[in-house]
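Open the model in your viewer and keep the sequence panel beside it. This tour goes from stop to stop, saying what to select and what you will find there.

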Amino acid sequence: MKQSVHYFLLLLIAVSFSQCKQAEKEAPSASVETEFQWVADTVADLRILRYQVPGWDKLTLQQKKLVYYLNQAGLAGRDIIYDQNYRHNLAIRKALETIIDTYTGDTTTPEWQNLLAYAKRVWFSNGIHHHYGNDKFLPGFSKDYFSGLLSAAGGTLSEEAMTAMFDPEVDLKKVSSDASGDLVLQSATNFYAPDITQAEVEAFYSSRIPKGEKNPISHGLNSRITRNEKGQLQEELYKADGLYGPAITEMIKWLTLAAGVAENEPQKKALELLIQYYQSGDLKTWDDYNIAWAQATEGDIDYINGFVEVYNDPLGYRGSFENIVQIKDFEASDRMKVLSENAQWFEDNSTILPEHKKSNVVGITYNVVNVAGESGDAAPATPVGVNLPNANWIREQYGSKSVSLGNITEAYEQASGAAILEEFAHDEEEIARAKEYGALGDKLSTALHEVIGHASGQLNTGVGTPKETLKSYSSTLEEARADIVALYFMMDPKMVEIGLMPSLEVGKAEYDGFISNGLMKQLRRIEPGKDVEEAHMRNRQLIAAWVYEKGKPENVIERVTRDGKTYFNITDYDKLRVLFGELLREIQRIKSEGDYFDGKALVETYGVKVDQALHQEVLNRVKPFNIPPYAGFIQPEFVPELDANGEIIEIKVTYPDDFVRQMLEFGKKYSFLK
Ligand code: ZN
């Protein structure tokens, strides 16, 4: 399951997984020390950023080849996500590319500018629907203008696809979550042929999926549902000789090369199983692959490749194609190891009730990696962390891999600038501390959240899982607990003692950032009049609002108004820590006892409602900065150098800064589907 950046979380996504979905917080750091240009472009509500690949030069040639081949494999599958998102996306994208590639007219006219902006949005969202909001965006130019350019460029587009582009009534939602209607008919995604209904799909799977199936395969993950000649539903498999065959065949070619330069046997075996799966489309092989992949933990290079996340299917069966190539971040991973080794100390010294403590806690394995390339559903918009495989029984029996994408997080931080931090910080000391320690504080609190927070605590005997007892509040409360474990220990001298922070100033910076984010900054992602809906945003407001209220008698956090602007200033960090500890004990009690009533009260009282006046103030204050809420990335490119025999002798990495050029090139080079 992917962990998305906070910026993306404007709407509630109902996620049917219990695993963590740690999202990026407001970037705390504002240090811009390098010459590297992090922001390349902006269009509509999108920013196009760049990222670097640290550690590339430390890799051996064989490792560089592995990265290169895995990345090529991902790009070979790039067309698939367009087609999965909507059946007309590929044709529309190709028509746009044909026009832009050959256009020699005036590039300063509003119509041309609007066409270019539309194309950028299509590339960014892998189709004509907003990547996050799911709504179709409409062109800011006329159909006649478009048709004229297209025929001048020698291109064509069907009338149906034209209508899809320009008609504001047709296929408006990529994925519908309006359960009062037919989710399948209402959704434009191409996982089901257009006339197929939700009831038909449900009947299809209820007759096929055995009740109480042990170790179930991921039914429907790699297929499109169509109707056969008799009108019955059937699965068309994504495989080498099936749907998306040309792209999958190309992928297999690169994966075979990758298997040939694998770092070790387990990694090689996993790649071979992935190839087999792409050849056969057999979901049992997909499971075998996932088991092998989850157990291949030794190499420095890792990757995600497949039809993985099911968010884009309104019924949650079908996986969107994605590819992420990763290089281990050794320094950061060592940090996680130190935490993991001390997991029992943290559990013993936590504020939770003795009966809720684990006597033998095992820290969750968590790695920081640097991304070398992304494709499909993971690009240009990317998660900041991923926790896979998704099949629960594989996770339980064979383990899982949880990674944080370090260089992506870094790029967000670098691109964010100091403006928002300075606007909401109470004083100069707070700003200086954030600049010096904010980035480290963020890394450490994320690590504590993942390694210690999610591993902590136990349920009372006989109490059902949090999903069963706390129902729709379970993920907010689980994330709140993980966040608050992190907050509690961020001010613990133990963190200095085990060498993770130079001083508790790091913890103070984290406290400052957390409080101003939870009470104010994050409100900028919510539309006026709306409640807080997304689980992470709810949990952060819940924690901040609770400690603010409980600390009022002693003025632990003071609310200051200066020049008509509101600030929250922490007056006593130690007392604040005590309050965090109290809330931690209470949330763990709610979870351990499965106390739905108190859990609901906590979330509804502190996490949901927004102070309308303060919200408006926040929106007014951030408006001048004009920072688009969504971001995605231009990919690094890898250039092999060949010797006289055509053997690769070196691979260089470059960081392009022209989004349009990269998209046009990718469109030509990796065009395997019609
Ligand atoms: Zn989490």
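Start by selecting strand E14 (residues 637–642) and strand E15 (residues 648–654), an antiparallel pair joined by 6 bridges. Strands here are DSSP runs of at least two residues (E), helices are runs of at least four (H or I), and both are numbered from the N terminus; two strands pair if DSSP finds at least two bridges between them. Pick Glu-637 and you will find its bridge partner, Thr-654, in E15. The hairpin of E14 and E15 has 5 residues between the strands, and there Gly-646 takes a positive phi near 80°.

Before moving on, a word on what you are looking at. This is a predicted model, in which local features need pLDDT of at least 70 and side-chain atom pairs count only at pLDDT 80 or more, while totals for chains, interfaces and linings use all residues. Residues are numbered from 1 along each chain as its sequence is written, and side-chain values use heavy atoms, with hydrogens and water left out.

**Colour by confidence**

Now colour by pLDDT, the predictor's confidence in each residue, from 0 to 100. The chain has a mean pLDDT of 91, and 95% of its residues reach 70 or more. Then select residues 6–33, where the pLDDT is below 50; this stretch has 116 contacts in the model beyond near neighbours in sequence (a contact means heavy atoms within 4.5 Å). Where pLDDT is low, the predicted coordinates should not be read in detail.

**Into the cores**

Next, show the side chains of Leu-115, Phe-146 and Tyr-278, the residues with the most contacts inside the largest nonpolar core, which has 128 residues. A nonpolar core is a set of buried Ala, Val, Leu, Ile, Met, Phe, Trp, Tyr and Cys residues joined through side-chain atoms within 4.5 Å. Buried means under 20% relative accessible area, exposed over 50%, and partly exposed in between (1.4 Å probe, protein chains only). Centre on Phe-146: leaving aside neighbours within four places in sequence, its contacts include Ala-95, Leu-96, Ile-99, Leu-115 and Phe-141. Apart from this core lies another, of 72 residues, among them Tyr-366, Tyr-488, Phe-568 and Leu-583.

Select helix H4 (residues 110–125) next. What do its end C-alpha atoms tell you about the span? They are 22 Å apart, which agrees with the 22 Å that its 16 residues should span at 1.5 Å a residue; the expected span is 1.5 Å times one less than the number of residues. Buried residues of H4 include Trp-112, Leu-115, Leu-116, Trp-123 and Phe-124. Just after H4 comes Asn-126, with a positive phi near 50°.

**Salt bridges**

Switch on the charged side chains. The structure holds 44 salt bridges, each a side-chain nitrogen of Lys or Arg within 4 Å of a carboxyl oxygen of Asp or Glu. Try these three pairs:

- Lys-253 and Glu-250: the closest N and O atoms are 3.0 Å apart. The two residues are separated by about one helical turn because they are 3 residues apart in helix H9 (residues 245–260). Lys-253 is partly exposed at 42%, whereas Glu-250 is buried at 17%.
- Lys-284 and Asp-288: the N to O distance is 2.9 Å. Both lie in helix H11 (residues 283–295), 4 residues apart.
- Arg-589 and Glu-586: the closest N and O atoms are 3.0 Å apart. Both lie in helix H23 (residues 573–593); Arg-589 is buried at 15%, while Glu-586 is partly exposed at 26%.

Then select Glu-429, Arg-433, Glu-505, Lys-508 and Asp-512 together, since they are linked in a network of salt bridges.

**Backbone exceptions**

Most residues other than glycine have a negative phi, and most peptide bonds are trans. Look first at Ala-379 and Pro-380, joined by a cis peptide bond with omega about -10°; Pro-380 sits in the loop between strand E8 (366–376) and strand E9 (385–388). Another cis peptide bond joins Leu-388 and Pro-389, with omega about 0°, and Pro-389 lies in the loop between E9 and helix H14 (392–398).

Finish with two positive phi values. Ala-44, with phi near 50°, is in the loop between strand E2 (39–43) and strand E3 (46–50) and is exposed at 53%. Asn-555, with phi about 55°, lies between helix H22 (535–550) and strand E11 (557–562) and is partly exposed at 37%.
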